[in-house]
Amino acid sequence: MAEVTLEVPALLSDATDGATRLSLSADRLSTALVELRQRWPVLATHVLNDAGELRPHVLLLLNGQCTRWLTTPDADLSPGDRLTILQAVSGG
Amino acid sequence: MSTTGLLGVGTRKGLFLFDRKPGGDWAMRDPILPEWEVNALLLNSNDPDHLMIGTSHWSWGPTIRESRDGGKTWSQTTLRDKDADGKAGGGPLKSIWQLVRSPDGQTLYAGVEEAALYKSDDGGQSWDEVEGLTKHESRPHWQPGGGGLCLHTILLDPTDPNRLWVGISAVGVFGTVDGGETWAPMNEGLPKMDSTGSPDENAMFCIHKMQLDPNQPGKLYMQFHAYKMPGDDQRTSGVFVSEDGAQNWRAIDNGLADRFGFPLGVSKKGELFIIPLHGDEDRTFTNGEAAVWRSENGGNSWQKTVVLDGEPVYAGVLRDAMAVDQSEPAGVYFGTNMGDLFASHDAGRSFARLNARLPRVHVVRAEVY
């Protein structure tokens, strides 16, 4: 298991007791999402839709790269990796 | 905060609270949660600092929020937990439309889109879907109204905790007498609406709002989606009453300028308040005249109060954007989809515009303390 950082928008910090930087242990992206759901279920509601997928206007970045475009969707995680939850640009 | 009355306004962009000070002036607090849509609001008649709201966001989805300090801090709950795969049961959860507390304060109900009813017996910490409703045999034929397939009205019989009614657009009324185990459609006397697209004669009624008469258990009032089919000369009736617990409905809209509208309010004395809009095509005040209509005799006759005399207003009022408080004479409040907010302190005989122009008003609630 790798210790990784999860960055959360301030707008959602009332789902994480005020924290905008969280730590979690996971070896892959999919297991990071499992831990997110288990430890912060309200945050998971904001990030994932009813089917368990990222909401349409939500991005998950791995070390600054959008996970939607990774060549390996369920990428391995390394110690010190940084996951960032981000609202996609949703203007006109 | 010192207040003799609290007016809560949920909008497209946040919650706004107004305090009524001794002397009668309203003072607006700073905007609360302006990044979030507030679609449902529940005040506590015993505690002006206790607020519950249904919030949503185009990116982040819906949750229920609660504050015990007048909106300074909030906690969140979800209506349903995700399973090990991250999937939630039930239909898609798009919005929280209604929050209601039982008369004894022990039970909370939430109405949501897509239409479902949730119940909490622990003050909103956890919720269970009332599955008897969504497993009704008519469910496959439920069709959405303009606001979506929403369960927007929850009425609790103050004399019987097992008896409640819900309203779903564009489906109709369902009632239960066994605490939600079984439900029956209760639309007798309402115009059937083939235009809902539903093939089910038990599920083709676009009701907009219902209220209970506070003095007569089992007496309900309804604002209905009065409509006109191609080739019809007249719109259907739009305001109805039932005096037998929603078993039968009859129209009470003689003399109204228009029969279409969304909100309906009832005062402690039983006065009715509606806001007719011009048909289901444009849904704005008739001839641009902002007006509230009042009945003091259960809908046998109606009196109009023009709210902004001489100023054309081509706005509408959404189904939860009117509130009637427990004062005598009643306070009546409403907000428009253009963000104007009006208050009456003489049971709807005159209105004044509050000094604020807000985002689109979704829900208005009022309490006196």
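# Exercises on pockets, a sheet and cysteines

The second largest pocket is lined by 34 residues, and E37(B), N39(B), S95(B), W97(B) and G147(B) lie nearest its centre. A pocket here is an open set of points on a 1 Å grid over the protein atoms alone, where a 1.4 Å probe fits, with protein on both sides within 12 Å along at least five of seven lines; lining residues have an atom within 4 Å of a point. The model is predicted: local features need pLDDT of at least 70 and side-chain atom pairs pLDDT 80 or more, while totals for chains, interfaces and linings use all residues. Residues are numbered from 1 along each chain as its sequence is written, chains are lettered from A in the order in which they are written, and side-chain values use heavy atoms, without hydrogens and water.

**Exercise 1.** Describe the largest pocket by volume and lining.

*Solution.*
1. About 1400 Å³ of space lies in the largest pocket, a volume being the space filled by probe spheres set on the points.
2. Of its 46 lining residues, V100(B), R101(B), Q211(B), Q326(B) and E367(B) are the closest to the centre.

**Exercise 2.** Find which cysteine sulfur is closest to that of C206(B), and state whether C206(B) is buried or exposed.

*Solution.*
1. The closest cysteine sulfur belongs to C150(B), 8.2 Å away, so the two are too far apart for a bond.
2. A disulfide is a pair of cysteine sulfur atoms within 2.5 Å; the structure holds zero over all chains.
3. C206(B) has 7% relative accessibility and therefore counts as buried, the class under 20% relative accessible area (exposed is over 50%, partly exposed in between; 1.4 Å probe, protein chains only).
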